[in-house]
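Trainee: I would like a close look at one part of this model. Please start with the lining of the second largest pocket, and then move on to the sheets and helices.

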Amino acid sequence: MAIRNLLNVEMVSKSFDIKPLLLSVSLGVNEGERIGVVGRNGGGKSTLLKIMAGIEIPDSGRVAKAGAVRVGILNQSDFAKPGEKIRDVVLGATEKHTWASDSSIREIFTGLFGGFTDELLDRPFASLSGGERRRVNLAKLLIDDLELLLLDEPTNHLDVEAVTWLANHLKSRPKLAFIVITHDRWFLDEVSEQIWEVVDGEVLAYEGGYSAYVLSKAERSRQLSVEDSKRNMLIKKELAWLRRGAPARTAKPKFRIEAANQLIANEPPPRNETELLNFAANRLGKTVFELHHAAIRAGEKEILQDVYYNFGPGDRIGIVGINGSGKTTLMRALLGHIKPYEGKIVTGVTVKAAFLSQHLEELDPEWRVLEAVERVAHHVQLGNGKDLSASQLCEKLGFSTESQWTPVGDLSGGERRRLQLTRLLMDSPNVLLLDEPTNDFDVETLTALEDLLDSFGGTLIVISHDRYFLERVCDKFIGLLGDGNLLDLPGGIDQYLKLRKESIGSKKSEVAASGLSKSAQTRLLKKELAKIEKQMAKMSEEEGALRVAQQESGTDHWKLTEVIHELSEIHAKIAMVEEEWLRVTSEIEELEGSQD
């Protein structure tokens with residue numbers, strides 16, 4: 001049977017001001033094709049998707065759809081009509097008895113929200129967080145009867161479990177075609193059968209997922225004798241990383257697996273672990289952070305109970321857990337921002353820690369990028385004899401020589417985050433704590449960041465939903481599963497996902513084995529739900545008051561910093577309570593469904 005063509009882009013060009021993004025681009029999408037898109041931020045990836053969706057009009061060329069092909073787009077602006085609830089956005093006027101009898105719709109709600117109760121569906125869209133809005137719009141696209149999905153950063157704000165669910169869901173729909181822009185390289189490897197690289201106005205096609213793209217790019221560079229040594233060095237780093245995994249993960253590469261093996265075998269490990277450990281021990285001594293029978297709370301929520309754990313010199317540790325499990329709270333406790341209410345946390349006397357948090361520091365908007373970095377230091381030694389100037393470090397993290405003269409006030413959110421990280425590294429810390437460092441970074445900048453961290457001679461502690469990044473820069477993993485323990489995960493993220501699945505199953509079994517009737521269990525859970533909703537309402541009021549205080553702070557830098565810190569704390573608490581709310585509503589829905 002012939003493969004049906006869905007959409008063609010024919011000789012499309014598009015420029016903004018004097019900057020050309022797309023130059024005479026021609027490409028096509030067929031039924032069931034799975035395409036990942038990579039390229040630098042601002043290079044034209046999102047513009048390409050908007051042109052394909054008909055949102056942007058090309059300067060020249062055209063987009064041709066085959067017949068009445070149904071196309072949907074998830075872009076980075078989440079919106080709904082005033083007053084709409086979750087059910088209005090996702091289901092429209094569809095009656096409950098219609099959609100509730102559809103197992104595929106129930107599976108989507110469960111995968112993205114943990115359930116499909118009336119309480120969940122009646123929440124106003126305007127009251128949702130950015131991550132929740134992204135899930136709502138994603139659910140709408142997955143439920144609608146579409147043939148081609150255009151997805152711009154669908155994994156933003158999703159935790160590791162939700163990203164894994166989304167990958168498995170997309171793979172389970174063989175006729176659905178999609179094009180996805182994402183910096184999540186694990187996700188790209190899982191779902192893509194082809195990679196489009198948007199670079200210098202062109203769209204270059206590579207067969208296979210992200211790993212195959214890296215190998216193909218390396219082979220193409222060798223064949224064409226490309227002289228861009230800096231970019232080739234980053235490709236070599238990626239090859240060195242791929243050495244640690246089976247080349248079979250490079251699904252459908254154009255070249256033979258034997259050739260891939262040969263490319264990988266010639267590359268040394270991405271970092272000299274023995275040398276870095278020795279350097280870290282010299283900088284830090286024997287002690288970094290030690291938890292001695294520590295108990296830690298976030299508000300009233302118990303995070304850790306009677307925990308003994310040692311973060312040693314040169315450790316590279318990834319922390320995993322669901323949203324609201326207390327990962328950021330643990331980091332803040334290590335830094336001394338939160339005191340354990342039992343036990344103690346011992347910090348080494350030589351520790352010089354740097355913390356990349358999820359809220360941005362306030363900087364003088366008149367400063368230039370390079371000036372903001374040089375105000376910290378002019379040179380930095382990362383370790384292993386690697387010394388960089390402020391300008392060199394800026395360039396490595398995506399600030400070209402020209403953009404280093406951009407005023408801080410003109411930077412986007414993603415650029416400000418990169419600047420924040422650059423300033424932290426410039427202060428020569430020997431312990432780095434990174435809370436979601438990959439947000440708003442493109443793949444090329446992520447690769448450069450990983451290259452920098454390969455040379456970091458100290459202790460590295462990372463929270464991230466980017467599985468590829470975590471596995472790339474960390475050697476150990478610990479998990480927060482909500483039971484008060486800090487669990488070593490020698491099996492990495494795969495072990496964490498397995499334990500989470502088992503934990504959810506055991507909780508349901510405990511309720512079922514309680515001896516209560518299903519109606520009695522439901523009543524108890526609804527009481528618990530009412531209590532949680534009161535907490536949520538109270539926290540929402542607190543957040544609103546802090547928002548007002550933030551606006552009234554004006555130019556009072558210290559007051560503004562204090563308010564932003566308090567907002568960060570209340571957001572962490574809200575996330576934990578929302579996670580509990582989702583769990584309880586899911587259990588209620590299952591019990592009520594089994595009584596029908």
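Mentor: Start with chemistry. The second largest pocket is lined by 13 nonpolar, 20 polar and 17 charged residues. Here Ala, Val, Leu, Ile, Met, Phe, Trp, Tyr, Cys and Pro count as nonpolar, Asp, Glu, Lys and Arg as charged, and the others, Gly among them, as polar.

Now the ground rules. This is a predicted model, in which local features need pLDDT of at least 70 and side-chain atom pairs count only at pLDDT 80 or more, while totals for chains, interfaces and linings use all residues. Residues are numbered from 1 along each chain as its sequence is written, and side-chain values use heavy atoms, leaving out hydrogens and water.

The second largest pocket holds about 1600 Å³ of space. Its lining comes to 50 residues, and the closest to the centre are Arg-40, Asn-41, Gly-42, Gly-43 and Asp-442. A pocket is an open set of points on a 1 Å grid over the protein atoms alone, where a 1.4 Å probe fits, with protein on both sides within 12 Å along at least five of seven lines; lining residues have an atom within 4 Å of a point. The volume is the space filled by probe spheres set on the points, which are joined across faces, edges and corners.

Which elements supply at least two residues each to that lining? They are β2 (19-30), α1 (45-53), β8 (194-199), α10 (229-242), α15 (390-396), α16 (413-426) and α17 (443-454). Helices (H or I, at least four residues) and strands (E, at least two) are DSSP runs, numbered from the N terminus.

Take β2 next. It belongs to an open sheet of three strands, ordered β2-β1-β4, with antiparallel pairing. Both β2 and β4 (60-65) are edge strands with a single partner, so one side of each has no neighbour in the sheet. From one strand to the next, the twist averages 10°. Two strands pair if DSSP finds at least two bridges between them. β1 and β2 have eight bridges, in the antiparallel sense. One of these places Lys-14 with Leu-22 of β2 as its bridge partner. The two strands form a hairpin with two residues between them, and Asp-17 in the turn has a positive phi of about 55°. On the other pairing, β1 (residues 5-16) runs antiparallel to β4 over five bridges. There, Ser-13 stands opposite Ser-60 of β4. Helix α1 packs on this sheet, in contact with β1, β2 and β4, and its direction makes about 125° with that of β1. Contact means heavy atoms within 4.5 Å. Axes are lines fitted to C-alpha atoms, for helices over the stretch in contact, and angles run from 0 to 180 degrees between N-to-C directions.

β8 leads to another sheet. Six strands form it, open and mixed, in the order β5-β6-β7-β3-β8-β9. β5 (71-74) and β9 (202-207) sit at its edges and pair on one side only. The twist here averages 15° from one strand to the next. β3 (residues 34-38) runs parallel to β8, joined by four bridges. Val-38 faces Glu-197 of β8 across the pairing. Helix α1 lies across β3, β5, β6 (148-152), β7 (177-181), β8 and β9, at about 150° to β6.

So much for the strands; look at α1 itself. Lys-45, Thr-47, Leu-48, Leu-49, Ile-51 and Met-52 are buried in α1. Buried means under 20% relative accessible area, with a 1.4 Å probe and protein chains only; exposed is over 50%, and partly exposed lies in between. After α1 comes Gly-54, with a positive phi near 85°.

Finish with α16. Arg-417 sits in this helix. It is buried, at 4% relative accessible area. Apart from neighbours within four places in sequence, its contacts are Leu-356, Ser-357, Gln-358, Leu-360, Asp-435, Glu-436, Pro-437, Asn-439 and Phe-441. Among these contacts, Glu-436 deserves a second look. Glu-436 lies in the loop between β17 (431-435) and α17. It is buried too, with a relative accessible area of 6%. Its phi is positive, about 55°, although it is not a glycine. Most residues other than glycine have a negative phi.
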